[in-house]
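User: Could you take a close look at how the opening pair of helices is arranged, and then follow the aromatic residues and their neighbours from there? I would like one connected account that I can read beside the model.

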Amino acid sequence: MSYSSVFFTTFLAAAVEVIEMVIIVVGVGTVRGWRSTWLGAAAGLAVLAVLVVALGMALRLVPIGALRLAVGSLLLVFGLQWLVKGIRRVSATGFRGMGARSASAEGVPGHGVDWTAFALSFKGVLLEGLEIALIVVSFGATAQAFPAAIAGAAAAFVVIAGAGLLARGVVERIPRSALQLLVGTLLSSFGTFWAVEGLGIAWPGGDAAILALVGWYVLAAAAYIGRLRRRADHLVPPNVPQNVSQNVR
């Protein structure tokens, strides 16, 4: 394979993992706060760097399946919790709520480290980083072109991470009710995907199955929102004025 072929192949393969990494970091940071999220991401990158330097080619021996199961299970647990909160908020207030997020309302500590944000960011960065490292080792060793493989992965990280930072401002302007619903959907989808992969079960279509999972969780959330809104309508007495009924909802 030529240098350019190895570069672009590694770039595209690594880009998929970087996108997942950025989605987790941006989502967690927006919902839980950025300080602890950045600390977790930095710690994940530091541990990844130590592993890469210490193990090198032996990275192929890392039990990536067990790591996927552990990280996927964690993301699924927190993702479902946030998804339930988002469903309740959207069913009650719609997609309104552009104001600042309340730390106490989200259970975010006002001082010190938010270990939930730290752990989610740390494990997401470490897992995706290890998968990128395995891509570099595999492509570089097969084509005997490690410089091209490393350059392709580095370019994917810089381009997509930069785009994620630029998108941070847009994400922060999403109404908080919709944001919790969105992040809960994404974390639940990634968590389901990785946990099942960690059990050794291959998804049809590979990473494209994540899109199907996102669609499934969106449909489930929409169904529950509709059910909760209909229940709220039935609880409002028929003689209550319409504007009061909307305020109750």
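Analyst: In this predicted model, the axes of helix H1, residues 3-32, and helix H2, residues 34-55, come within 7 Å and cross at roughly 150°. Because angles over 145 degrees count as roughly antiparallel, H1 and H2 are roughly antiparallel to each other. On the H1 side the contact is made by Val25, Val26, Val28, Gly29 and Thr30, which meet Trp34, Thr37 and Trp38 of H2. Sorted by character, the residues of this contact of H1 with H2 comprise 5 nonpolar and 3 polar ones, with no charged residue.

Turning to the aromatic residues, the structure holds 8 aromatic pairs. Such a pair of rings is described by the distance of the centres and the angle of the planes. One of the pairs joins Phe190 and Trp194, whose rings are stacked, at 5.7 Å centre to centre and with 25° between the planes. Both residues belong to helix H7, residues 176-198, and because they lie 4 residues apart there, Phe190 and Trp194 are separated by about one helical turn. Phe190 is buried, and Trp194 is buried as well. Another pair, Trp216 with Tyr217, is edge-to-face, with 5.2 Å from centre to centre and 90° between the planes. As for accessibility, Trp216 is exposed, at a relative accessible area of 56%, whereas Tyr217 has 9% relative accessibility and counts as buried, since the cut-off for buried is under 20%. Ring pairs also link Phe7, Phe8 and Phe11 into a cluster.

Tyr217 leads back to helix H7, where Thr185 is placed. Leaving aside residues up to four places away in sequence, Thr185 touches Leu83, Val214, Tyr217 and Val218. Thr185 is itself buried, with a relative accessible area of 5%, again because buried means under 20%.

A further aromatic residue, Phe78, has its place in helix H3, residues 64-93. Although Phe78 and Gly184 are 106 residues apart along the chain, their C-alpha atoms are separated by 7.6 Å. With residues up to four places away in sequence again not counted, Phe78 touches Thr116 and Leu120.

Key:
Residues numbered from 1 in each chain as written. Predicted model: local features only at pLDDT ≥ 70, side-chain atom pairs only at ≥ 80, totals over all residues. Heavy atoms only, no water. Axes fitted to C-alpha atoms, helices over the stretch in contact; angles between N-to-C directions. Helix = DSSP H or I, 4+ residues; strand = E, 2+ residues; numbered from the N terminus. Parallel < 35°, antiparallel > 145°, perpendicular 65-115°, else oblique. Contact = heavy atoms within 4.5 Å. Nonpolar A, V, L, I, M, F, W, Y, C, P; charged D, E, K, R; others polar. Phe/Tyr/Trp six-rings, centres within 6.5 Å; stacked < 30°, edge-to-face > 60°. Buried < 20%, exposed > 50% of the residue type's maximum accessible area, 1.4 Å probe, protein only.
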